[in-house]
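The report that follows is meant for a reader who is meeting this structure without earlier acquaintance. Please keep the sequence and the model in view while reading.

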Amino acid sequence: MTSNQTAQPYLKIEHLTKRFGSFTALNDVSLDISEGEFVCFLGPSGCGKTTLLRAIAGLDIQTFGTLLQGGRDISGLPAAERDFGIVFQSYALFPNLNVEKNVSYGLVNKKTPRAQIKTRVAELLELVGLPDQGRKYPAQLSGGQQQRVALARALATSPGLLLLDEPLSALDAKVRTYLRHEIKHLQRRLGVTTIMVTHDQEEALTMADRIVLINEGVIEQVGSPTQMYREPRTLFVADFIGAMNQLPCQITSDRAVKIGNLEIACRTHELPIGSNGVLTIRPEDIVPRGLGGEGQNGRPDTAAAGASIDVTVGEMEFLGSFWRAELSGASLAGNKLEADVSINAVQRMDLAPGKNITIELPVERVTVFAKPAAL
């Protein structure tokens with residue numbers, strides 16, 4: 001991140017609500033975004049993330065609430081009077097204009113001198129890695145190239161705010177991975193304040209300085225990728241970001257729960273004793289016990305001073321750099337766990353379906369949440 005969080009925010013969203021008839025798409029949303037920051041709005045389809053982006057752009061004016069950009073109240077301004085560039089999922093390039101004319105479109109509308117336009121377009125095409133494509137038309141380019149042109153067009157007028165509406169979702173996986181690194185590198189180089197909407201948690205984790213996770217029109221949590229992954233504040237956050245085991249449990253103390261007759265130590269919580277909860281632990285945090293005092297994922301056993309459970313390996317799924325193993329056992333009271341085990345560990349342990357092993361659940365990786373009413 002390029003700016004100090006304690007400084008005056010570049011974009012300030014206060015108590016923003018957006019209604020479509022009787023449906024509330026956004027409910028009292030407040031958020032500060034610093035200058036130069038890369039923020040991802042993340043959430044499931046229909047959660048309100050695109051509605052929030054469109055309200056910032058002035059494409060869908062909010063029902064209530066205010067927006068300040070650089071200290072300027074833009075709450076009621078039409079899109080044309082706001083300072084932003086936008087890139088859509090569908091590219092939205094003009095098919096009848098070549099690449100140079102697509103990129104220069106905003107500059108022409110601003111009546112920028114022709115010589116400046118030519119220099120700026122050349123600079124931007126070089127910036128996005130398409131210096132020799134200016135004479136081509138969109139139909140002659142690949143999807144990844146078209147998205148780069150759309151990015152260059154959005155940056156042409158040097159906007160204070162760059163808005164990206166699921167810009168990579170229409171591309172294949174390899175191009176998507178490449179472009180997300182390119183976009184992040186470009187954003188850091190230019191220092192432009194950027195907001196990206198995505199439903200892809202991997203994009204958010206790899207690209208964002210901060211993630212804003214939205215659920216049913218409200219913000220569930222805001223934090224860095226590491227905070228969101230390691231310190232989820234709600235069960236929804238824990239479940240939405242990354243793979244997560246969830247086991248029903250009963251609260252026995254502020255640092256322990258029970259699953260059946262098995263007591264499991266966990267991180268400190270404030271849930272009432274005797275209430276029902278949900279124990280969560282990520283698959284990569286489960287430690288299979290190995291030989292010589294070392295967990296088979298390469299972690300010392302002393303780091304796993306938690307519940308020790310005898311389990312049987314069920315189905316195993318190969319995921320490239322690791323295997324995901326399904327684990328079951330009498331102690332789990334009919335529940336199952338998934339554990340991610342490195343290829344080397346699988347080989348050393350001769351791990352296979354049907355094998356009995358012992359696992360440990362590290363206390364610092366076991367988080368408990370209240371059981372939702374729907375469960």
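Two strands are said to pair if DSSP finds at least two bridges between them. With that in mind, the bridge partner of Phe41 in strand S8 is Val197, and this is a place to enter the model, which is a predicted one.

**Overall picture**

The protein has 375 residues, of which 47% count as buried, and its secondary structure comprises nine helices and 20 strands. Taken along the principal axes, the box filled by the C-alpha atoms is roughly 75 × 45 × 35 Å. Among contacts between residues at least 6 apart in sequence, 65% join residues that are at least 24 apart.

**Strand S8 and its neighbours**

Strand S8 covers residues 193-198, and six of its six residues are buried, so the strand is described as mostly covered, where buried means under 20% relative accessible area. The cover extends to both faces of S8, since Thr193, Ile195 and Val197 are buried on one side, while Thr194, Met196 and Thr198 are buried on the other.

Which strands are joined to S8 by five bridges and run parallel to it? Strand S3, residues 38-42, is joined to S8 in this way, running parallel, and the pairing of Phe41 with Val197 belongs to these two strands. Strand S7, residues 161-165, is likewise joined to S8 by five bridges and runs parallel, and here the bridge partner of Leu162 in S8 is Thr194. Val197 and Thr194, the two partners named, lie on opposite sides of S8 in the description of its faces. Strand S7 also takes part, together with helix H5 (residues 173-190) and S8, in a β-α-β unit that is right-handed.

**Helix H3**

Helix H3 runs over residues 114-127, and because 14 residues at 1.5 Å a residue should span 20 Å, the distance of 20 Å between its end C-alpha atoms agrees with expectation. Within H3, the residues Ile117, Arg120, Val121, Leu124 and Leu125 are buried. They cover an arc of only 130° around the axis, which puts them on the same side of H3. On the other side of the helix, Ala115, Lys118, Thr119 and Glu126 are exposed. The buried residues of H3 pack against two helices, H2 (99-109) and H4 (143-155). After H3 comes Gly129, which has a positive phi, near 80°.

**Aromatic pairs**

A pair of aromatic rings is described by the distance of the centres and the angle of the planes. The structure holds three aromatic pairs, and two of them are set out here.

| Pair | Centre to centre | Angle between planes | Kind |
|---|---|---|---|
| Phe236 and Phe240 | 5.7 Å | 20° | stacked |
| Phe318 and Trp323 | 5.0 Å | 50° | tilted |

The angle of 20° between the planes of Phe236 and Phe240 is under 30 degrees, and therefore this pair counts as stacked. Phe236 and Phe240 are four residues apart in helix H8 (residues 235-240), so about one helical turn separates them.

Is Phe240 buried or exposed? With 19% relative accessibility, Phe240 counts as buried, whereas Phe236, at 22%, counts as partly exposed. These two values fall on either side of the 20% limit under which a residue is called buried. In the tilted pair, Trp323 has a relative accessible area of 26% and is partly exposed.

Note on methods:
Residues are numbered from 1 along each chain as its sequence is written. This is a predicted model: local features need pLDDT of at least 70, side-chain atom pairs count only at pLDDT 80 or more; totals for chains, interfaces and linings use all residues. Side-chain values use heavy atoms; hydrogens and water are left out. Buried means under 20% relative accessible area, exposed over 50%, partly exposed in between (1.4 Å probe, protein chains only). A crossover is right-handed if, with the strands pointing away from the viewer, the path from the first strand over the helix to the second runs clockwise. The expected span of a helix is 1.5 Å times one less than its number of residues. The arc is that of the directions from the helix axis to the C-beta atoms. Contact means heavy atoms within 4.5 Å. Rings of Phe, Tyr and Trp (its six-membered ring) pair if their centres lie within 6.5 Å; planes under 30 degrees apart count as stacked, over 60 as edge-to-face and the rest as tilted.
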